[in-house]
Number of protein chains: 2
Amino acid sequence: MDDRNQGSSSSTPHVVILGGGFGGLAAARGLAGTAARVSLIDRRNHHLFQPLLYQVATAGLSAPSIAAPLRQILRRQTQVTVLMDEAIDVDLAQRRVRLRSGDMAYDALIVATGATHAYFGHDDWEAHAPGLKTLDDAFTIRRRVLLAFERAEREDDPARRQAWLNFVVVGGGATGVELAGTLAELARHTLPREFRRADPRQANVLLVEAGPRLLPAFAPDLSEKARLQLRRLGVEIRLDTAVTAIDGSGVMLAATPYTARTVLWAAGVAASPLGRLLGAPVDRAGRVLVQPDLSLPGHPELFVIGDLASVTQENGQPVPGVAPAAKQMGRYVAEVLRARWQGTPLMRPFRYRDDGVLATIGRMAAVAQFGRIKLSGLLAWWVWLLAHVTFLIGFRNRLVVLLDWAWSYWTYQRHARIVTGSDAPSRASQPLPDDE
Amino acid sequence: MDDRNQGSSSSTPHVVILGGGFGGLAAARGLAGTAARVSLIDRRNHHLFQPLLYQVATAGLSAPSIAAPLRQILRRQTQVTVLMDEAIDVDLAQRRVRLRSGDMAYDALIVATGATHAYFGHDDWEAHAPGLKTLDDAFTIRRRVLLAFERAEREDDPARRQAWLNFVVVGGGATGVELAGTLAELARHTLPREFRRADPRQANVLLVEAGPRLLPAFAPDLSEKARLQLRRLGVEIRLDTAVTAIDGSGVMLAATPYTARTVLWAAGVAASPLGRLLGAPVDRAGRVLVQPDLSLPGHPELFVIGDLASVTQENGQPVPGVAPAAKQMGRYVAEVLRARWQGTPLMRPFRYRDDGVLATIGRMAAVAQFGRIKLSGLLAWWVWLLAHVTFLIGFRNRLVVLLDWAWSYWTYQRHARIVTGSDAPSRASQPLPDDE
């Protein structure tokens, strides 16, 4: 591939960015106006607004509302070439990335391939408890949740029906809290009038957290407010409770079995495997321990940003794995490169600016924390809504998302309640192994 | 399953409807206000507005905009129980339907399971030339079309790149014309500015029709207008041309090979296999030859409607396999049953009222025919838009569809350009057998 190999021989620097999430996209945008040639590589064709992914998983938003093609987002930045491909290795000495379709030389490399969900060594749990990182994950969860109610409607035996109406969410962070709250709303408000044999209001949503409180990234009093708001929505919460087993019939909570046909995983993440291939030290989750300027030790031309980077700031605080941190890292690295090309190296290290944290719980319920300011309930929910709609990429998406929310708000309906996936009809219609 | 077996023993009649398409849904609605207990069975959880399915396949609309859960549509009609299940056989003598989850007795049965695409004995073509009947079909087509442009962008060899930019649509009926016109627009207007190495304007869209003209359901002069409008959009049209082979490298047009990595099938349909199980005569496409009142010969309690029924009217004209005909049949059968229960049997046979035919070709181009009135171009396009938005189920869908179209119209963008499907990353990233 001729074009790709000219990277280091050309006079304009060639920057390769691996990953089109918040970090990679911010880096690409940060390089606008420079002489650099930029190649952005992603396995998928779209940037995903991950903070709203739970809305796709719970049928509130359609996928195109929270995803936009990377090449559409970057179409005006003609120095950027977007390629849908996957990096499988990096040759640090030769400064080449190995892609599935061939090799590509770089002058600077920005690795922003993020994280995926992890099962703490229990990979067999994945089949029974899907996690939520990609659109396809969201479709899997949506399909399982909607099919569970369909199966309950078909089931005459009360115990087996109830098993289809029991839902377990493992993990009390933001994703777990959002999924549990929305599931409870779905069962209590959206579905009841539509079923004749099963009663969706009999659904139990159980949120299990191994630690002592929900939302550990928030102040303890907000954790408690979130717990109370979730309780009010009908979610049952078990704190200090470890899940010790998951199979097709349910979960083990410490030594007590809990029957549930639907289990969702929101407990653990692990860094992209690319991190370990870079040869630098990684932390327990596989995140790369980078220099204060986010470069790899001994390789000032290679940067690791976003969820794949483990960064400890001067004040000793670790940078959290959140979207704003990834964006800030992307912009910072672009600035480091610009300064270097201008011959005036940037001396200040990366510093994370904490703009606050937000988590939604359900209809008009949320918690928010901005420095010392703490909000909960309706006001936090409005702030959450405003912030998320503002940061959504693309004007059209914002309009449609607002319209969907307004519609859901007034009607309690959720518009994306469709079961798709090539396995949907057979999964629904054929008895599961331990069923019937 | 106790509840299901009470069908014929209960004093209120139990009507079972198989299929929640236009026909089945119209029948269920037509039975509103009667004493009947109605069970509507569908393999999928949603009703699909099939006339706009090509818009999902070409990334113009998101799936939830054209699909709504059957139980949501029928939620206020409390006599109707919707079950997501699949009928695999019918016992005419015992009046029982065999579902995957068990048996169900009926007093009246309405079979409305429709049609699927057929490959005229060439089932091996399906892997290379997907058809368009379900949402999952639409996602498959969307994925292949979007990935073809992505592959072209990655490809350095001019001949192989062009193979990814060549698209063949087989079949010149409404679906084929709509797909070809929209593909040409996508390549010429939506994508060009976003690619750096491949030029989407180099894409060829070839529409192949075995018969002498496009849109055979329309008057010949409208077929010619459609051909001219498609030509103007950049579609190449081959009439009187049979496709004799399809594989991963392209198609054979009579004896001439044409290289194209993407082939779409819009040529043939076959009736649902349930039709042949009813024991009555079927036509060549497997459609059931029904009585003038749409009942099965010898079985006045069993009706076949929609695309699965072969109906010849008193005037000798066959009823076309279109959505309005299916709706009219559903309403008619509900009327037959009402009259029968009231002891005043309906004597008039089913008559199809032709409200006209419409086909869209592309941006502001369409053809329409209402009796003697024929329209083409911009005016037909406005009529088409109005008619389709009006008949879309659900107020919210109409608003969002209008918004999507207005947005597409002004920006030339198509908002649902996301590649999903569990095989998306691997398909894109791993070399195809005959590639590279």
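Let's start with the transmembrane regions. An unreviewed UniProt entry lists residues 12-32 and 378-395 of chain A under "transmembrane region". Keep in mind that what we have on screen is a predicted model. So what does the model show for residues 12-32 of chain A, in helix and strand? The span is 43% helix and 24% strand, and its end C-alpha atoms lie 14 Å apart. Please hold that next to the label from the record when you look at the picture.

Now, the domains. Chain A is divided into domain 1, made of 2-43 + 85-117 + 270-341, and domain 2, made of 123-267 + 363-425. As you can see, each domain is put together from separate pieces of the sequence. Taken over C-alpha atoms, the centres of the two domains are 33 Å apart. How many residues make the contact? Six come from domain 1 of chain A and eight from domain 2 of chain A.

Next, the interface itself. People often describe the size of an interface by the accessible area lost when the parts come together. Here, domain 1 and domain 2 of chain A bury about 500 Å² between them, with 56% of it on carbon and sulfur atoms. Between these two domains we count zero salt bridges, and also zero residue pairs in polar contact, with both residues at pLDDT 80 or more.

And which element gives the largest share of domain 1's side? That is strand E10 of chain A, residues 115-117, which brings three residues. By type, the domain 1 side divides into two nonpolar, two polar and two charged residues.

Conventions. Residues are numbered from 1 along each chain as its sequence is written. Chains are lettered from A and ligands numbered from 1 in the order in which they are written. This is a predicted model: local features need pLDDT of at least 70, side-chain atom pairs count only at pLDDT 80 or more; totals for chains, interfaces and linings use all residues. Side-chain values use heavy atoms; hydrogens and water are left out. Domain bounds come from an automatic or database domain assignment. Contact means heavy atoms within 4.5 Å. Buried area is the accessible area (1.4 Å probe) that two parts lose on being put together, summed over both. A salt bridge is a side-chain nitrogen of Lys or Arg within 4 Å of a carboxyl oxygen of Asp or Glu. A polar contact is a pair of N or O atoms within 3.5 Å; within protein, one must be able to donate a hydrogen and the other to accept it, and residues adjacent in sequence count only if both atoms are side-chain atoms. Helices (H or I, at least four residues) and strands (E, at least two) are DSSP runs, numbered from the N terminus. Ala, Val, Leu, Ile, Met, Phe, Trp, Tyr, Cys and Pro count as nonpolar, Asp, Glu, Lys and Arg as charged, and the others, Gly among them, as polar. UniProt positions are given in the numbering used here, feature names are shortened, and annotations may be inferred rather than shown by experiment.
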